[in-house]
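The following exercises concern the burial of residues, the pairing of strands and the surroundings of a ligand. Each task is followed by a worked solution.

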Amino acid sequence: MPRLAIRARHLSKWFGEGSARTQAVADASFDAYFGEILFIVGPSGSGKTTLLSIISGILRPDQGGVIVKDTDIWQLGSDALAEFRLNTIGFVFQDYHLFPRLSTAENVAIPLILKKRGWRESLELARAELQVVDLASRAELPPVKLSGGEQQRVAIARAMVGRPDILVFDEPTASLDGDTGRRILAFVHDQMLNDQRCILIVTHDARIFEFADRIMHMEDGKITTLEQAPT
Ligand SMILES: Nc1ncnc2c1ncn2[C@@H]1O[C@H](COP(=O)(O)OP(=O)(O)OP(=O)(O)O)[C@@H](O)[C@H]1O
């Protein structure tokens, strides 16, 4: 029996006021398990990023709750939630969110420094993580000197360096060419998925669907289907 990683129940989120009020997520419930890669797909504006942000502890839902590894995350105070996220969830943003004034290694070290690990130790671990994503030679460069695919791998290394149980990607291949996108997904699938980790991926990119275990479809804020991926 697979172990439950995430239990989302009756999540709803509205944005805006009056006539501009829109429901981004509408009564969404689902479970995700350790050892799986769950894709979230659907048309633009269907609520994928909003749902991902709620599950990751970034955006508070107006209704409903999320249990991540036995913790009811939206019942936590803000400090406890920040600490839970730091220890449990790695989030890779669509546009990477790398800090331009820091070196590549320093960018990767940030989660460890936030966890109050020493600077020197954090940088050593960051360099080791850059080796895993095949970017050891770029450690001292600023991110601006790296290609889009390399920056994506830096963002992955930063999300991974604290060994989170839940790894969340928002459109990981959106700005990459097909080959680079597939290579990155193959890397995530082969190197990062294990039975202690659950990976959620929002994507439009049909070229990477082969890496999904299950695929969730969203439309107008609702989860319309959640199925095993075809083999
Ligand atoms: N901060 C916000 N303020 C107001 N409306 C928002 C905000 N964020 C999202 N929305 C609206 O909520 C709805 C869902 O947006 P969301 O970004 O979750 O969709 P998405 O499926 O991820 O879209 P895309 O594939 O284009 O990224 C959209 O109608 C969007 O305009």
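**Exercise 1. State whether Ala159 is buried or exposed, and describe its surroundings.**

Step 1. Ala159 has 21 other C-beta atoms within 10 Å, and therefore it is buried. The criterion is as follows: a residue is buried if 20 or more other C-beta atoms lie within 10 Å of its own, exposed if 12 or fewer, and partly exposed in between, with C-beta atoms placed from the backbone.

Step 2. Ala159 belongs to helix α5 (residues 148-160). Helices (H or I, at least four residues) and strands (E, at least two) are DSSP runs, numbered from the N terminus.

Step 3. Leaving aside residues up to four places away in sequence, Ala159 touches Gly90, Phe91, Val92, Pro164 and Leu167; contact requires C-beta atoms, placed from the backbone, within 7 Å.

Two remarks on the model apply throughout. Residues are numbered from 1 along each chain as its sequence is written. The model is predicted: local features need pLDDT of at least 70, side-chain atom pairs count only at pLDDT 80 or more, and totals for chains, interfaces and linings use all residues.

**Exercise 2. Determine which strands pair with β7 and how its residues are placed.**

Step 1. Strand β7 (residues 166-170) is largely enclosed by the rest of the structure, because five of its five residues are buried.

Step 2. In a regular strand, side chains alternate between the two faces of the sheet. In β7, Ile166, Val168 and Asp170 lie on one side, Leu167 and Phe169 on the other, and all are buried.

Step 3. Strand β6 (residues 89-92) runs parallel to β7 and is joined to it by four bridges; two strands pair if DSSP finds at least two bridges between them. Ile89 stands opposite Ile166.

Step 4. β7 also pairs in the parallel sense with strand β8 (residues 198-202), over five bridges. Here Ile166 stands opposite Cys198.

**Exercise 3. Identify the residues around the ligand and the element that gives the most to this shell.**

Step 1. The residues around the ligand are Phe15, Gly16, Thr22, Ala24, Gly42, Ser44, Gly45, Ser46, Gly47, Lys48, Thr49 and Thr50; a residue is near a molecule if its C-beta atom, placed from the backbone, lies within 6 Å of it.

Step 2. β2 (22-33) and α1 (48-55) each give two or more residues to this shell. The most come from α1, with three residues.

Definitions and conventions:
Contact = placed C-beta atoms within 7 Å.
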